[in-house]
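Thanks for coming. I have one structure to go through today, so please bring it up on your screens.

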Amino acid sequence: MSRMRFVAALLCVLAVPAYAQVQGQDYELLTPPQAAATQDKVEVIEFFSYACPHCFELQPHVLKWAAELPANATFARVPVSFGRREWGQLSRAFYSLEATGDLARLDDALFEAIHKQRRPLFSLDQLAAWAAENGVDAGKFRAAFESPGVSAKTMRAEQLSRDYKVNGVPSVIVDGKYLAKGRTHEDMLKVARQLIDKSAAERKTAKR
């Protein structure tokens, strides 16, 4: 290869974006894509369930990952049930703890109670008792659990999972159109981070 051709080939390699991923291998395209809730930032959603052992394994990784996202991205978690009553109760628990202001404090604890302590926290009575053990006013938790607001958020979460065609958890979706994939949780989050850059670049191009 001549020096000029070598230089040209090298420039082509350098011109490939760092976020170049292979569809079907690193990500799947959602069809149809869903409109992001935020217009000025790339939206990332993790669909999960407290009952899912894989979600439990991902939890410490995804929280650290989300804390390091760039300013042009937002992160949200959406609990799903896939129509299972027990998982639905845990979805309500997520929004109930959010309503009482205890979600950040007890998020990991609820995962651990189910997967490490093997506690069957699948009814209002069981969940309220567990919440009380962990410093939450049981009456406030029950009121939140049965409130119209928590019911609306839970139903909205189920609708989102259908709109996004989520058929397994954890699922990390970027900007309403990319489902990140990976052989490990770390791989999936690395791909998701690169897809954020890809989506940000696409948004910038679309505005021109």
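I will take the nonpolar cores and then the pockets, and please keep in mind that this is a predicted model.

Start with the packing. The largest nonpolar core holds 38 residues, and those with the most contacts inside it are Phe 47, Tyr 50, Leu 110 and Phe 141. At least two residues of this core come from each of strand 2, at 42-48, and helices 3 to 7, among them helix 3 at 85-100 and helix 7 at 148-163. A second core, separate from that one, has 19 residues, including Val 44, Ala 66, Val 174 and Leu 195.

Back to Phe 47 for a moment. Which residues does Phe 47 contact, leaving aside neighbours within four places in sequence? Among them are Val 78, Val 80, Leu 160, Tyr 164, Pro 170 and Ile 173.

Now the pockets. The largest has a volume of about 280 Å³. It is lined by 17 residues, and the closest to its centre are Glu 43, Ile 45, Val 78, Arg 156 and Leu 160. Helix 7 gives the largest share of that lining, five residues. Strand 2, strand 3 and helix 3 also supply at least two residues each. By class, the lining of this largest pocket has ten nonpolar residues, one polar and six charged.

The second largest pocket has a volume of about 190 Å³. Of its 15 lining residues, Leu 30, Tyr 164, Lys 165, Val 166 and Leu 179 lie nearest the centre. Strand 1, at 27-29, and strand 4, at 171-174, are the elements giving two or more residues to that lining. Its classes are seven nonpolar, five polar and three charged.

That is what I have; questions are welcome.

Methods: Residues numbered from 1 in each chain as written. Predicted model: local features only at pLDDT ≥ 70, side-chain atom pairs only at ≥ 80, totals over all residues. Heavy atoms only, no water. Core = buried A, V, L, I, M, F, W, Y, C linked by side-chain atoms within 4.5 Å. Buried < 20%, exposed > 50% of the residue type's maximum accessible area, 1.4 Å probe, protein only. Helix = DSSP H or I, 4+ residues; strand = E, 2+ residues; numbered from the N terminus. Contact = heavy atoms within 4.5 Å. 1 Å grid on protein atoms, 1.4 Å probe; cavity = no way out; pocket = protein on both sides within 12 Å on 5 of 7 lines; lining within 4 Å. Points joined across faces, edges and corners; volume = space filled by probe spheres on them. Nonpolar A, V, L, I, M, F, W, Y, C, P; charged D, E, K, R; others polar.
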